[in-house]
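Trainee: Before we discuss how the parts of this molecule are arranged, could we look at the structure together?

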Amino acid sequence: MTQAHEDPCAHCEEMMQPYLDHILTEAERVEAEHHLDECDWCRRRYRFEESLRVYVRQAVAEPMSDGLKQKLASLRIPLN
Ligand SMILES: [Zn+2]
């Protein structure tokens with residue numbers, strides 16, 4: 001028996017990227033958050049996607065953090 005009703009997770013899948021980009025309308029955002037509240041699978045997927053984005057953003061925008069640069073600089077042998 002097939003359900004005529006649309007799979008809420010498929011809909012959530014569609015909203016995942018725009019949700020992460022914060023380009024959903026208020027109503028869509030509320031709908032997405034409501035689904036994330038109820039659906040363990042989508043919540044986990046969302047967390048994964050979000051952490052992936054944070055990682056990618058850091059890797060692209062900030063290849064080396066200031067702290068790491070300083071650490072590397074302090075390790076460098078003075079040439080003078
Ligand atoms: Zn779901």
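Mentor: Axes here are lines fitted to C-alpha atoms, for helices over the stretch in contact, and angles run from 0 to 180 degrees between N-to-C directions. Please keep in mind throughout that this is a predicted model.

Trainee: At roughly what angle do the axes of H1 and helix H2 cross?
Mentor: The two helices concerned are H1, residues 8-20, and H2, residues 26-38. Their axes come within 10 Å of each other, and the crossing angle is roughly 120°.

Trainee: How is H1 oriented relative to H2, and what is the hand of the crossing?
Mentor: Angles of 65 to 115 degrees count as roughly perpendicular and those over 145 as roughly antiparallel; the crossing at roughly 120° therefore makes H1 oblique to H2. As for the hand, H1 passes H2 in a crossing that is left-handed.

Trainee: How do the residues of the contact of H1 with H2 divide by character?
Mentor: From H1 the contact takes Pro8, Cys9, His11, Cys12, Met15 and Tyr19, while H2 contributes Glu28, Arg29, Glu31, Ala32, Glu33, His35 and Leu36. Sorted by character, the residues of this contact are seven nonpolar, two polar and four charged.

Trainee: Which description fits H1 and H3, given their packing angle?
Mentor: H3 spans residues 40-61, and its axis lies 11 Å from that of H1, at an angle of about 25°. Because angles under 35 degrees count as roughly parallel, H1 and H3 are described as roughly parallel to each other.

Trainee: Why is H2 called roughly perpendicular to H3?
Mentor: The axes of H2 and H3 come within 5 Å and cross at roughly 110°. Since the range from 65 to 115 degrees counts as roughly perpendicular, that angle makes H2 roughly perpendicular to H3.

Trainee: Which residues of H3 are met by H2?
Mentor: On the H2 side the contact involves His35, Leu36, Asp37 and Glu38. Their partners in H3 are Asp40, Cys42, Arg43 and Tyr46.

Trainee: Which atoms coordinate the zinc ion?
Mentor: Along the chain the donors follow the spacing C-x25-H-x3-C-x2-C. They lie at 2.0 to 2.4 Å from the zinc ion, and they are Cys9 (SG), His35 (NE2), Cys39 (SG) and Cys42 (SG).

Trainee: What arrangement do the four donor atoms form around the zinc ion?
Mentor: The angles that the four donor atoms subtend run from 102 to 119°. Four donors qualify if all angles lie between 85 and 135 degrees, and the arrangement is therefore tetrahedral.

Key:
Residues are numbered from 1 along each chain as its sequence is written. This is a predicted model: local features need pLDDT of at least 70, side-chain atom pairs count only at pLDDT 80 or more; totals for chains, interfaces and linings use all residues. Side-chain values use heavy atoms; hydrogens and water are left out. Helices (H or I, at least four residues) and strands (E, at least two) are DSSP runs, numbered from the N terminus. A crossing is left-handed if the near helix is turned anticlockwise from the far one by less than a right angle, and right-handed if clockwise. Contact means heavy atoms within 4.5 Å. Ala, Val, Leu, Ile, Met, Phe, Trp, Tyr, Cys and Pro count as nonpolar, Asp, Glu, Lys and Arg as charged, and the others, Gly among them, as polar. Donors are N, O and S atoms within 2.8 Å of the metal (3.2 Å for Na, K and Ca); water is not among the atoms, so sites may look incomplete. Four donors count as tetrahedral if all angles lie between 85 and 135 degrees; four count as square planar and six as octahedral if opposite donors are over 155 degrees apart and all others between 65 and 115; anything else is irregular.
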